[in-house]
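Okay everyone, thanks for coming. Have a look at the sequence and the structure on the screen, and then I'll walk you through what's in there.

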Amino acid sequence: MAFVKVVKNKAYFKRFQVKYQRRRQGKTDFRARRQMVLQDKTKFGSPKYRLVVRITNRDVVAQIVHAKVAGDDVIQAAYSHELPAFGVNFGLTNYAAAYCTGLLLARRTLAKLGVADKFEGAKEATGAYAAVRTKKDDQGDDEKRFPFKAILDIGLARTTTGARIFGVMKGAVDGGIAVPHRPNRFPGFDKAKKQLDAKIHRDRIFGKHVADYLKQVKEEVAANPDEKLNQFSKLIAAKIAPADIEGIYKKAHAAIRADPKKTLAKKEKKAGQRKAYNVKSLTRDEKNAAAKKKIATLRARLGK
């Protein structure tokens, strides 16, 4: 029998170092986080903010976060499920909704800091790329106040061209927050020419891709009226035409800028007694009374 060397012996396990919990769970890239969180010693503990973007199956989450020793502190947050308050009642996870969520976060953050009127950002979404002004790249020509800066934190998401996380970032930049970035991951960027087609990006921001697909679905429904419809049921029920979608997003952008603190009204609790699934414990007298009643019922039934 050949000799087999035992690699995982006692010495191995004595020196084994367990990874962080969120690394074991596959939730956090600590190498990337360390670079985003570390601050220069010369800045004496001044906060370093991150624009945290997470996209689930039903929601877009955008937060401004500051890392502290005790844990991350969320300065401000915006969610795509809040967009119905601004007139967007459908498609809460597409690129256009992601842009609206980023814009909402930016306006809320700047309003909280009291500088919303000084940094208005891009008043109209054109899809064009504009470099943000930061202290690192500043030449000293402009003596105005620097805008609020945040670093994009996308977690474990893939940085593919046209991804919705960059829609949130574009919304935040247009809303007045300085997020250092380049245009090579926006929809419409030509890798060969190394330039961004602003029209393609603008169409995506205003949901033209949604309108085109809605038009196609409506044509298919008209051709096969007996076939069951799964896509765009809310839009068709609300009688929203493909041509109306751009106007809905334009109104939403204006509403967000007018009042970013607006939220959905809380649902009223239904009147009535709640169902109690736990068994109520009886006192001794109640148990004796129940037993006597049961005996009396049995005697009456047996005729004794």
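**The sheet, the core and the salt bridges**

Let's start with a pair of strands: strand 2, residues 60-67, and strand 3, residues 72-79, pair in the antiparallel sense, with seven bridges between them. Before I go on, a caution: this is a predicted model.

Those two strands make a hairpin, with four residues in between. In the turn you'll find glycine 71, which has a positive phi of about 145 degrees. If you want to follow the pairing by eye, pick histidine 66, whose bridge partner in strand 3 is aspartate 73. Further along, isoleucine 64 has glutamine 76 of strand 3 as its bridge partner. As a reminder, strands of a sheet pair through backbone hydrogen bonds, either parallel or antiparallel.

Now zoom out. In what order do the four strands of the open sheet come? The order is 3-2-1-4, and the pairing is mixed. At the edges sit strand 3 and strand 4, residues 151-153, and each of them pairs on one side only. Going from one strand to the next, the twist averages 25 degrees.

What lies across this? Helix 4, residues 95-113, lies across strand 1 (49-55), strand 2 and strand 3, and the helix runs at about 125 degrees to strand 3.

On to the inside. The largest nonpolar core has 56 residues, and the ones touching the most other members are Leu51, Ile64, Leu152, Ile245 and Tyr249. You've met Ile64 already, as the partner of glutamine 76. Several elements give two or more residues to this core, including strand 1, strand 2, strand 3, helix 5, helix 7 (208-223) and helix 9 (245-258). Which element gives the largest share? That's helix 4, with 11 residues.

Take leucine 51 as an example. Leaving out neighbours within four places in sequence, leucine 51 is in contact with, among others, Gln63, Ile64, Leu105, Leu152, Met169, Ala172 and Val179.

Last topic, the charged side chains. How many salt bridges does the count come to? The count is 13, and I'll show you three.

First up, lysine 170 and aspartate 174, whose side chains meet at 3.4 Å, N to O. They're four residues apart in helix 5, residues 164-174, so about one helical turn separates them. Buried or exposed, this lysine 170? Buried, at 3% relative accessibility, and aspartate 174 is buried too, with a relative accessible area of 6%.

Next, aspartate 203 and lysine 199, again a salt bridge, with the closest N and O atoms 3.4 Å apart. Both lie in helix 6, residues 198-205, four residues apart, about one turn of the helix. Here the two ends sit in unlike surroundings: aspartate 203 counts as buried at 18% relative accessibility, while lysine 199 counts as exposed at 56%. There's also a network, in which salt bridges that share partners join Arg33, Arg50, Arg54, Asp72 and Asp153.

And the third one is between the side chains of lysine 43 and aspartate 40, at 4.0 Å, N to O. Lysine 43 is partly exposed, with a relative accessible area of 44%, and aspartate 40 counts as partly exposed at 44% as well.

If you take one picture away, make it the open sheet in the order 3-2-1-4, with helix 4 lying across strand 1, strand 2 and strand 3. Thanks, that's it from me.

Key
Residues are numbered from 1 along each chain as its sequence is written. This is a predicted model: local features need pLDDT of at least 70, side-chain atom pairs count only at pLDDT 80 or more; totals for chains, interfaces and linings use all residues. Side-chain values use heavy atoms; hydrogens and water are left out. Two strands pair if DSSP finds at least two bridges between them. Axes are lines fitted to C-alpha atoms, for helices over the stretch in contact, and angles run from 0 to 180 degrees between N-to-C directions. Contact means heavy atoms within 4.5 Å. Buried means under 20% relative accessible area, exposed over 50%, partly exposed in between (1.4 Å probe, protein chains only). A nonpolar core is a set of buried Ala, Val, Leu, Ile, Met, Phe, Trp, Tyr and Cys residues joined through side-chain atoms within 4.5 Å.
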